[in-house]
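Thanks for coming, everyone. I'll take one structure today and walk through it piece by piece. Have a look at it first.

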Amino acid sequence: MSIQTEINRLLHFAKQHGLINEDDFYYAANLLLDVLQADSFEPEPVQEELDTAAPILQAMLDDAVKRGLIEDTVSERDLFDTRIMNCVMPRPSEVVRRFQNDYARSPKAATDEFYKLSIASNYIRKDRIDRNIVWKTATEYGDLDITINLSKPEKDPRDIARAKLAPSGSYPKCLLCRENEGYAGHAGHPARQTHRLIPLRLSGHRWFMQYSPYTYYNEHCIVLNRRHVPMKVSRRTFENLLDFVTMFPHYFLGSNADLPIVGGSILSHDHYQGGRYTFAMAKAPVEKVYPCPAYPGVRAGRVKWPMSALRLRGRDREALTELAAKVLEEWRAYSDESVGILAESGGQMHNTITPIARRRGEEYELDLVLRNNRTSPEHPLGIFHPHAEVHHIKKENIGLIEVMGLAVLPARLKTEMYRVGEELVRGTEDISGMEDIAVHAEWYRMLRERYPSVLEEDVHAILRSEIGQVFRTVLTHAGVFKRDEQGMAAFDRFAAKAMQ
């Protein structure tokens with residue numbers, strides 16, 4: 001197809017998905033001519049319906065490579081296809097106006113339309129996200145979600161070299177800053193010309209909502225502070241989370257912890273993550289109720305979950321906030337050496353909380369997951385962090401998403417599990433000498449004992465189930481109060497103190 005045909009296809013797609021209307025047609029066409037360095041344009045009839053613009057962008061990128069406009073690398077293509085889509089994007093003010101109009105109909109209508117726009121604009125690269133390998137694994141704590149993340153492409157060596165040569169700057173300060181909206185990007189920073197933000201007021205302060213470009217679950221949103229300030233879990237955090245779920249009762253919102261090891265990947269910019277998805281943790285029952293007489297109307301209990309979580313529930317937002325702040329204050333200073341919990345060592349504070357807010361009809365629910373980031377010679381990456389025995393599957397921090405029961409696992413596992421499955425079917429006794437999968441040797445020995453004879457048609461399901469069980473172990477390692485008699489007694493002691 002000619003570049004003119006592809007321009008017509010993209011304009012048709014943009015009108016179909018509400019990115020532009022008829023009045024924008026020639027303006028958008030002329031912007032595309034400039035970016036694609038084409039000379040002329042003639043409207044052509046287009047009869048097709050596409051869910052995403054990916055097939056059109058693929059053709060345009062291939063043509064740009066052929067004509068020498070860009071190099072054929074992932075980074076160059078991503079920067080260029082975002083420039084292309086920017087030609088058919090509504091201005092930020094128009095997106096905000098639409099959102100507010102939709103919100104007047106219902107909060108759900110507003111997020112539905114904003115999410116659709118984020119996919120149509122290719123800001124959420126749905127074609128890549130659909131490549132992720134996802135499944136559920138049944139455990140005693142419910143069905144855990146497992147994702148092998150294939151949506152973030154590997155860096156091309158040429159892109160890495162280019163990024164090293166790119167001048168370092170401080171604008172935007174990080175990937176979450178409000179200033180990213182419309183930023184062209186470069187070899188070391190993704191293009192954000194199709195990025196759109198919705199302004200919010202949380203506890204009287206300016207925040208913004210966006211969707212994650214690499215959504216790990218349905219309508220995965222990020223709520224970010226207008227200011228570039230570090231993550232901090234405080235009373236204000238609980239107020240913000242409850243404000244948000246008041247505005248968007250069909251979404252949950254949670255915060256990563258604010259300390260290294262137990263925090264998320266970005267601690268430099270205060271932000272939350274939410275969305276429209278029910279995780280296993282949200283379905284987990286309260287297994288023990290704790291009285292809190294000073295907070296009438298609030299019900300508190302211990303959640304049946306591998307990590308140590310208190311659940312507070314009630315209609316009174318102020319009472320929930322007060323009790324949550326009390327729990328946080330008590331936990332920050334709490335030590336119990338009998339179960340390895342120290343609030344401080346060497347001048348470093350260790351205790352914090354991962355909080356999650358949601359609505360249950362007219363009631364509010366706050367899950368407070370107790371975290372501790374202490375290390376030891378035996379566990380140098382963290383005592384309450386995945387231990388070395390599970391690093392072959394999951395070594396990274398356990399952030400908010402994992403806390404709630406969704407494992408985000410590295411792309412390498414796709415090929416490694418295929419190879420492990422091959423050897424399991426063959427009946428190979430030991431894989432420690434196989435360089436590409438030797439990291440799984442100890443786990444493989446356990447699999448061989450458990451499944452001495454494996455058929456090819458069964459190995460896929462077996463490995464998925466066993467990976468899910470490893471993730472259950474990961475969450476158990478991250479729990480500060482272990483789920484044995486000693487650990488649960490220690491949990492009850494802390495809860496009794498916090499609920500006074």
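How many positive and how many negative side chains does the chain have, and how far apart do the centres of the two sets lie? There are 65 positive and 70 negative side chains, and the two centres lie 5 Å apart. For that count, Lys and Arg are positive and Asp and Glu negative, while His and the chain ends are not counted. Each charge is placed at NZ of Lys, CZ of Arg, CG of Asp or CD of Glu.

Some ground rules. This is a predicted model: local features need pLDDT of at least 70, side-chain atom pairs count only at pLDDT 80 or more, and totals for chains, interfaces and linings use all residues. Residues are numbered from 1 along each chain as its sequence is written, and side-chain values use heavy atoms, with hydrogens and water left out.

Now the overall picture. The chain has 16 helices and 15 strands. Those are DSSP runs numbered from the N terminus: helices are H or I with at least four residues, strands are E with at least two. Along the principal axes, the C-alpha atoms fill a box of roughly 75 × 60 × 45 Å. The radius of gyration is 25 Å, which agrees with the value near 23 Å for a compact globule of 500 residues. That radius is taken over C-alpha atoms, and the globule rule is 2.2 Å times the number of residues to the power 0.38.

What share of the 500 residues is buried? The figure is 56%. Buried means under 20% relative accessible area, exposed over 50%, and partly exposed in between, with a 1.4 Å probe and protein chains only. About 22,300 Å² of the chain is exposed, and carbon and sulfur atoms supply 50% of that. Next, contacts, meaning heavy atoms within 4.5 Å. Take those with a separation of 6 or more: residues 24 or more positions apart account for 65% of them.

On to the strands. Two strands pair if DSSP finds at least two bridges between them. Start with β1, residues 133–139. Side chains in a regular strand alternate between the two faces of the sheet. In β1, Ile133, Trp135, Thr137 and Thr139 point to one face and are buried. Val134, Lys136 and Ala138 point to the other face and are not buried. The partner is β2, residues 142–148, antiparallel and joined by 7 bridges. Isoleucine 133 stands opposite isoleucine 148. The two strands form a hairpin with 2 residues between them.

Next, β4, residues 205–211. Why is β4 described as largely enclosed by the rest of the structure? Because 5 of its 7 residues are buried. β4 runs antiparallel to β3, with 5 bridges. Isoleucine 198 has methionine 209 in β4 as its bridge partner. β3 and β4 form a hairpin with 2 residues between them, and serine 203 in the turn has a positive phi of about 50 degrees. β4 is also joined to β5, residues 221–225, again antiparallel and by 5 bridges. There, glutamine 210 stands opposite isoleucine 222.

Now β10, residues 309–314. 5 of its 6 residues are buried, so β10 is largely enclosed too. β9, residues 299–303, runs antiparallel to β10, with 4 bridges. Arginine 302 is bridged to leucine 310 in β10. This hairpin has 5 residues between its strands. β10 is also joined by 6 bridges to β14, residues 363–372, and the two run antiparallel. Alanine 309 has valine 369 in β14 as its bridge partner.

Last, some loop residues. Which peptide bond is cis? The bond from tyrosine 171 to proline 172, with omega near -20 degrees. Proline 172 sits in the loop between α8 and β3.

Asparagine 122 is in the loop between α6 and α7. Its phi is near 70 degrees, a positive value in a residue other than glycine. Asparagine 122 is buried, at 8% relative accessible area. Isoleucine 261, in the loop between β6 and β7, also has a positive phi, near 80 degrees.

Finish with isoleucine 20, in the loop between α1 and α2. Isoleucine 20 is buried, at 8% relative accessibility. Beyond residues up to four places away in sequence, it touches Leu11, Ala14, Lys15, Ala28 and Val88. Its C-alpha is 6.9 Å from that of methionine 89, which is 69 residues away along the chain.

How values were computed:
Areas by Shrake-Rupley, 256 points an atom, 1.4 Å probe, with all protein chains shown as cover.
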